[in-house]
Amino acid sequence: MENILEISNLRKEYEEFTLKDVSLTLPRGYIMGLVGPNGAGKSTTIKAIMNLINYDSGKIKIFGRDYENHEEEIKNRIGYVGEEQFFYEDMSVKWMEKFISQHYIQWDRDEFYNLLERFNVSSTKKVQELSKGMRVKLSLALALAHNPELLILDEPTSGLDPVIRSEILKILLEVIQDENKSVLFSTHITEDIEKIADYVTYIIDGEIILSAPKDDILGKWKSIHIKTGYEIPELNSKLIGIEKNFFGISGLTDQYESMKSMLKPYLEKDIVRVENTSIDQILISFVKEEK
Ligand SMILES: Nc1ncnc2c1ncn2[C@@H]1O[C@H](COP(=O)(O)OP(=O)(O)OP(=O)(O)O)[C@@H](O)[C@H]1O
C-alpha cells in the first residue's frame, strides 16, 4: 500500500510546548482523523505538513516527495482548509475563485460552482457577508476545485451545526470514493471520527499516543468493570483511566485478549464485566493517564 503522507520524528519546540518526535503514515485512499484535546499539537502538526511553520527536526514526505525540492508540485496536489479562513473580506466569492484559481494548474471551475450550489453559498455575496458555516464551505469548495489527491483539514467541523457537519462529512467520504485520494482531518469531535475515519491518530501533549486503523482500535480496546469489594491486581496494572463508580472500578485496556482465560472465572461470577468502548472514551482515558 502506497503512503500518501509520511511523517517521521517531527519535532517543533515552542517556549512552552514541544511537538515530540511525531511519526505517522497515511496510506492512499483512506481518511485519517487526528484527535486530541485543546492544545495537544494538532494544528502545529498540520501547519508543519503544510510547510507553514519551520520545524526543528524530522522529515515530512508527501506523495513520496519533500518540500525542499518539490514545493510547487506538492502544493498543487494538496487541498487545505485551515482552522481560520483568511479571505479578502471585501471581495465577492466569485472574485475569490478567480484569484485563487490562478495559483493552480488543475483548476476545475465547474466543480467549484457545483459545490457552491450544493452548499447553498451565493457567488455574488461578499466574503464578509458569509456566516461561519458558509466560510468553511467556501474554503472546502476552493480546496476541492483543484482536484487534490490529499485533502488536509484543521478542525473543519468545529462550531458548525449538525446539518452542515454531516454534509461536510458526506463530502469527505465522497472524496475518497476515488481510491486515489486521502483525507487528514483534525478534530476534537470524536463522533465525526467514529463516522468516517479509517485511521485514528491520538495526540496528547505533543506526543502521538496511538495511530492505527479505527476498527483495530475499537476491536482491541475494551472497557472493564470490576465489582466493588474485589481486587484483581494483575488486571488493575493493565488498565488506564481508572475511575471509581457505582459498580466498583472501571478502566480501559488493550490487552483483554491475552487476559481472557485469567479473567474467565471472574466473568462467570459477574465480578468482572467487559464492554466495547468508543474513540471518545479512549481519548478521555489517555488524557487522565497523562495527568
Ligand atoms: N506560534 C506559537 N508560539 C508559541 N506557542 C505556540 C505557537 N503556536 C502554537 N503554540 C502552542 O502550541 C501548543 C499546541 O497548539 P496547537 O494549536 O497545535 O494545538 P491544537 O491541538 O490544534 O489545539 P486546539 O484544539 O485548541 O486548536 C499550544 O500550547 C499553543 O499555545
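How many residues does the hairpin that joins S11 to S12 pass through? The count is 3 residues. The model behind these views is predicted.

**View 1. The hairpin of S11 and S12.** Strand S11 covers residues 240-244, and strand S12 covers residues 248-253. The two pair in the antiparallel sense over 3 bridges. Two partnerships can be picked out by residue. Glu243 has Ser250 of S12 as its bridge partner. Lys244 is matched in S12 by Ile249. The hairpin between the strands runs through 3 residues.

**View 2. The open sheet of 4 strands and its helices.** The strand order is S11-S12-S10-S13, and the pairing is antiparallel. S11 and strand S13 (272-276) are the edge strands, each pairing on one side only. From one strand to the next, the twist averages 20°. Helix H11 (residues 279-290) packs on this sheet and touches S11 and S12. The direction of H11 makes about 90° with that of S11. Helix H10 (residues 256-268) lies across strand S10 (222-227), S12 and S13. H10 runs at about 140° to S13.

**View 3. The hairpin of S1 and S2.** Strand S1 spans residues 3-13 and strand S2 spans residues 18-27. They pair in the antiparallel sense over 7 bridges. Together they form a hairpin, with 4 residues between the strands. Asn3 stands opposite Pro27 in S2.

**View 4. The open sheet of 3 strands with H1.** Here the order is S2-S1-S4, again with antiparallel pairing. S2 and strand S4 (57-62) stand at the edges with a single partner strand each, so one side of each has no neighbour in the sheet. The twist averages 10° from one strand to the next. S1 and S4 share 5 bridges in the antiparallel sense. Glu6 faces Lys61 in S4, the two standing opposite each other. Helix H1 (residues 42-49) lies across S1, S2 and S4. H1 runs at about 120° to S1.

**View 5. Asp56 in its loop.** Asp56 sits in the loop between H1 and S4. Leaving aside residues up to four places away in sequence, Asp56 touches Arg11, Lys12 and Glu13. Leu19 is 37 residues from Asp56 in sequence. In space, the C-alpha atoms of Asp56 and Leu19 are 9.7 Å apart.

**View 6. H4 against H5.** Helix H5 covers residues 132-144. H4 and H5 pack at an angle of about 155°, with their axes 9 Å apart. The two helices are therefore roughly antiparallel to each other. Their crossing is right-handed. On H4, the contact is made by Glu111, Phe112, Leu115, Leu116 and Phe119. On H5, it is made by Lys137, Leu138, Leu140, Ala141, Leu142 and Leu144. By class, the contact of H4 with H5 has 9 nonpolar, no polar and 2 charged residues.

**View 7. H4 against H6.** Helix H4 covers residues 109-119, and helix H6 covers residues 162-175. The angle between H4 and H6 is about 150°, and their axes are 12 Å apart. H4 and H6 are therefore roughly antiparallel to each other. The crossing is right-handed. Leu115, Arg118 and Phe119 of H4 meet Glu167, Lys170, Ile171 and Glu174 of H6 in this contact. The contact of H4 with H6 comprises 3 nonpolar, no polar and 4 charged residues.

**View 8. H5 against H6.** The axes of H5 and H6 come within 11 Å and cross at roughly 10°. These helices are therefore roughly parallel to each other. Gly133, Val136, Lys137, Leu140 and Leu144 form the H5 side of the contact. Ile164, Glu167, Ile168, Ile171 and Val175 form the H6 side. The contact of H5 with H6 has 7 nonpolar, 1 polar and 2 charged residues.

**View 9. The annotated span.** In an unreviewed entry, UniProt annotates residues 2-230 as "domain: ABC transporter". The end C-alpha atoms of residues 2-230 lie 49 Å apart. The span is 35% helix and 29% strand.

Key: Residues are numbered from 1 along each chain as its sequence is written. This is a predicted model: local features need pLDDT of at least 70, side-chain atom pairs count only at pLDDT 80 or more; totals for chains, interfaces and linings use all residues. Side-chain values use heavy atoms; hydrogens and water are left out. Two strands pair if DSSP finds at least two bridges between them. UniProt positions are given in the numbering used here, feature names are shortened, and annotations may be inferred rather than shown by experiment. Axes are lines fitted to C-alpha atoms, for helices over the stretch in contact, and angles run from 0 to 180 degrees between N-to-C directions. Angles under 35 degrees count as roughly parallel, over 145 as roughly antiparallel, 65 to 115 as roughly perpendicular and the rest as oblique. A crossing is left-handed if the near helix is turned anticlockwise from the far one by less than a right angle, and right-handed if clockwise. Contact means heavy atoms within 4.5 Å. Ala, Val, Leu, Ile, Met, Phe, Trp, Tyr, Cys and Pro count as nonpolar, Asp, Glu, Lys and Arg as charged, and the others, Gly among them, as polar.
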